Amino acid sequence: MAITNPVVNKVFNDLEAYRDYCRFEGKVFNEAALYKKDDRNWQAYQKYLGWLRAKARVKGRNNA
């Protein structure tokens, strides 16, 4: 059964991506920390996502 509501689907996709980040980085995964700005693991995850966006932006600039 597929999730048809895009908002609910985004939450589950974000949760899975956060879980993968915690697993690969060796951080403690707590699903309650999802979207909590004061949680250190969530802050580290957001910083990592920003780094990925910046890396993609620089890569796109170099190829143009």
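Is Y18 buried or exposed, and what is its relative accessible area? In this predicted model, Y18 is buried, with a relative accessible area of 0%.

## Aromatic pairs and the aromatic cluster

The structure contains eight aromatic pairs. In one of them, the ring centres of Y18 and Y45 are 5.5 Å apart and the ring planes stand at 65°, so this pair is classed as edge-to-face. The assignment follows because an angle over 60 degrees counts as edge-to-face. Y18 belongs to helix 1 and Y45 to helix 2, so their pairing ties together parts of the chain that are 27 residues apart in sequence. Like Y18, which has a relative accessible area of 0%, Y45 counts as buried, in its case at 6% relative accessibility.

A single aromatic cluster is formed by Y18, Y21, F29, Y35, W42, Y45, Y48 and W51. Both rings of the edge-to-face pair described above, Y18 and Y45, are members of this cluster. Y35 is another member, and this residue returns below in connection with the loop.

## Salt bridges of helix 1

Side chains of opposite charge can pair when their charged atoms come close. Three salt bridges are present in the structure. One joins the side chains of D14 and K10, with an N to O distance of 2.6 Å. Both D14 and K10 lie in helix 1, which spans residues 6-25, and they are four residues apart, about one turn of the helix. K10 is partly exposed, its relative accessible area being 49%.

The side chain of D20 takes part in a salt bridge with that of R19, at 3.8 Å from N to O. The side chain of D20 also meets that of R23 in a salt bridge, here at 3.3 Å from N to O. D20 and R23 are both in helix 1, three residues apart, which is about one turn of the helix. Through shared partners, these salt bridges join R19, D20 and R23 into one network. As for accessibility, D20 counts as partly exposed at 22%, and R19 counts as partly exposed at 35%.

## Y35 and the loop between the helices

Which sign does the phi of Y35 have? The phi of Y35 is positive, at about 70°, although the residue is not a glycine. Most residues other than glycine have a negative phi. Y35 is placed in the loop between helix 1 and helix 2, the latter covering residues 40-63. With a relative accessible area of 39%, Y35 is partly exposed.

G26 also lies in the loop between helix 1 and helix 2. This glycine is exposed, with a relative accessible area of 65%. The C-alpha atoms of G26 and A54 are separated by 23 Å, and the two residues are 28 residues apart along the chain.

## Contacts between helix 1 and the loop

D14, a residue of helix 1, has a polar contact between its side chain and the side chain of Y35, at 2.4 Å. Leaving aside neighbours within four places in sequence, D14 is in contact with L34 and Y35. The side chain of D14 thus appears in two of the interactions described here: the salt bridge with K10 and the polar contact with Y35.

V11 is likewise found in helix 1. Not counting residues up to four places away in sequence, V11 touches L34 and Y35. V11 counts as partly exposed, at 33% relative accessibility. Between the C-alpha atoms of V11 and Q43 the separation is 17 Å, and these residues are 32 residues apart along the chain.

## A nonpolar surface patch

Which residues make the nonpolar surface patch of about 240 Å²? The patch is made by I3, V8 and F12. Of these residues, F12 lies in helix 1. F12 is partly exposed, with a relative accessible area of 45%; this value satisfies the patch criterion, because patch residues must have over 30% relative accessible area.

Terms used. Residues numbered from 1 in each chain as written. Predicted model: local features only at pLDDT ≥ 70, side-chain atom pairs only at ≥ 80, totals over all residues. Heavy atoms only, no water. Salt bridge = Lys/Arg side-chain N within 4 Å of Asp/Glu carboxyl O. Helix = DSSP H or I, 4+ residues; strand = E, 2+ residues; numbered from the N terminus. Buried < 20%, exposed > 50% of the residue type's maximum accessible area, 1.4 Å probe, protein only. Patch = residues over 30% accessible without salt bridge, like charges linked within 9 Å, V, L, I, M, F, W, Y side chains within 5 Å. Areas by Shrake-Rupley, 256 points an atom, 1.4 Å probe, with all protein chains shown as cover. Polar contact = N/O pair within 3.5 Å; in protein donor to acceptor, adjacent residues only side chain to side chain. Contact = heavy atoms within 4.5 Å. Phe/Tyr/Trp six-rings, centres within 6.5 Å; stacked < 30°, edge-to-face > 60°.
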